[in-house]
Amino acid sequence: MFFKKYGWSILYGILLLGFTVYVLLDTFVIARPYSAIPYEGKKDLASGMSMPESAASMQEREVLADTAEASTEAPTDEEERFSPPAISDDTYSDDNITIRLIEYREYDTSIYVADIQLSSAQYLKTALAGNIYGKNVTAETSKTAGENGAILAINGDHYGAREAGYVLRNGVVYRDVAARNQEDLVIYGDGSFSIVTEGEVSAETLLENGAEQILAFGPALVAESRIAVTEGEEVGRAKASNPRTAIGRIDALHYLFVVSDGRTEESKGLTLYELAAFMQSLGAATAYNLDGGGSSTMYFNGKVVNNPTTNGRSIQERSVSDIVYIGY
């Protein structure tokens, strides 16, 4: 009698619960690769042209075969131009990349700043977890950085946690679906930055205009050297004081990667306004907020330098969709 009276309600409740669990798993857990990153082959250093892997491998074998003979010859102009990097715990320097890591103590928070100067914007790159574009395809920032030979890396915009928002990485558009009122950072091939609003211009158009990367998290922190957020402004998905990640540009080929700790007794964390004021104080003409909270991670010279945490009780990296990095 009880089942007759309430059977359909019980069955409906079970189905509703099952559907809710599936939606949550699909949104936050189940990995759905959409496409692998297109392989472009290795670069011929002399011509700059791409060549198939087999040709590259053949060339490498020829170089190895000639190593003994080449070692007895005088260094070429190319060899003289590229000297071994100078590396310490808080610096990296070679002919194309100079990085200086500085730890600040501001707003009762530890803040890690990487001051970066490049000879070319080609060394400012992004990478996707597993080198795959997809939903919930994630890896720790340090893992993705190591797999891509990064010298310095920070977490990116965690595009895979959302269904909309432009995804342009290293000159390839993966998603051109605009999110309402989404403010993006565009990084162009010459290394310049601009802030755009999705829907007002497409990712494809930005690519045609020379964009190499689009990062879609936000908001913009500094624009034209002025703070672009208010003291009360917050991202809806973030707490007032938080671990934070930001990227900034001071001038031509001069950049800042910034990560703050937070949610611990040692480090309170930053508001968006505090982060913007700090970026401005470092000289950033443009600065942009990336994914924060437990995602905030800085990797330098083979190790994580900050204290990433999601809950404040344990120090460990959160797996994320992508990174921004400096490397070859």
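Reader: Is Glu147 buried, partly exposed or exposed?

Author: Glu147 is partly exposed in this predicted model, because its relative accessible area is 46%, and the partly exposed class lies between the 20% and 50% cut-offs. Lys143 also counts as partly exposed, at 46% relative accessibility.

Reader: Which residue does the side chain of Glu147 meet in a salt bridge?

Author: Start with a general idea: an α-helix has 3.6 residues a turn, so residues three or four places apart point the same way. Here, the side chains of Glu147 and Lys143 meet in a salt bridge at 2.5 Å, N to O. They sit 4 residues apart in helix α5 (residues 141-147), so about one helical turn separates them.

Reader: How many salt bridges are there in the whole structure, and which one links distant parts of the chain?

Author: A search finds 6 salt bridges. One of them joins the side chains of Glu163 and Lys135 (2.8 Å, N to O). Glu163 is in the loop between β11 and β12, Lys135 is in strand β9, and the two are 28 residues apart. Look at their surroundings too: Glu163 counts as exposed at 53% relative accessibility, whereas Lys135 counts as buried at 8%. You can also find a network of salt bridges linking Asp157, Arg169 and Asp322.

Reader: Now to the inside. Which residues have the most contacts within the largest nonpolar core?

Author: The general idea is that in soluble globular proteins, nonpolar side chains tend to be buried together. In this model the largest nonpolar core has 30 residues, and Ile99, Phe257 and Met298 have the most contacts inside it. Strand β7 gives the largest share, 4 residues. Apart from this core lies another, of 17 residues, including Val113 and Leu270.

Reader: Why is helix α7 described as largely enclosed?

Author: Count its buried residues: 7 of the 10 residues of α7 (residues 272-281) are buried, so the rest of the structure largely encloses this helix. Among them are Leu272, Glu274 and Phe278. After α7 comes Gly283, with a positive phi near 100°.

Reader: And sheets? What is the order of the strands in the open sheet?

Author: For any regular strand, remember that the side chains alternate between the two faces of the sheet. The open sheet here has 5 strands, in the order β8-β25-β11-β22-β23, with antiparallel pairing. Its edge strands, β8 and β23, each pair on one side only. Further in, β11 and β22 pair over 3 bridges, and Ala153 has Tyr299 in β22 as its bridge partner.

How values were computed
Residues are numbered from 1 along each chain as its sequence is written. This is a predicted model: local features need pLDDT of at least 70, side-chain atom pairs count only at pLDDT 80 or more; totals for chains, interfaces and linings use all residues. Side-chain values use heavy atoms; hydrogens and water are left out. A nonpolar core is a set of buried Ala, Val, Leu, Ile, Met, Phe, Trp, Tyr and Cys residues joined through side-chain atoms within 4.5 Å. Buried means under 20% relative accessible area, exposed over 50%, partly exposed in between (1.4 Å probe, protein chains only). Two strands pair if DSSP finds at least two bridges between them. A salt bridge is a side-chain nitrogen of Lys or Arg within 4 Å of a carboxyl oxygen of Asp or Glu.
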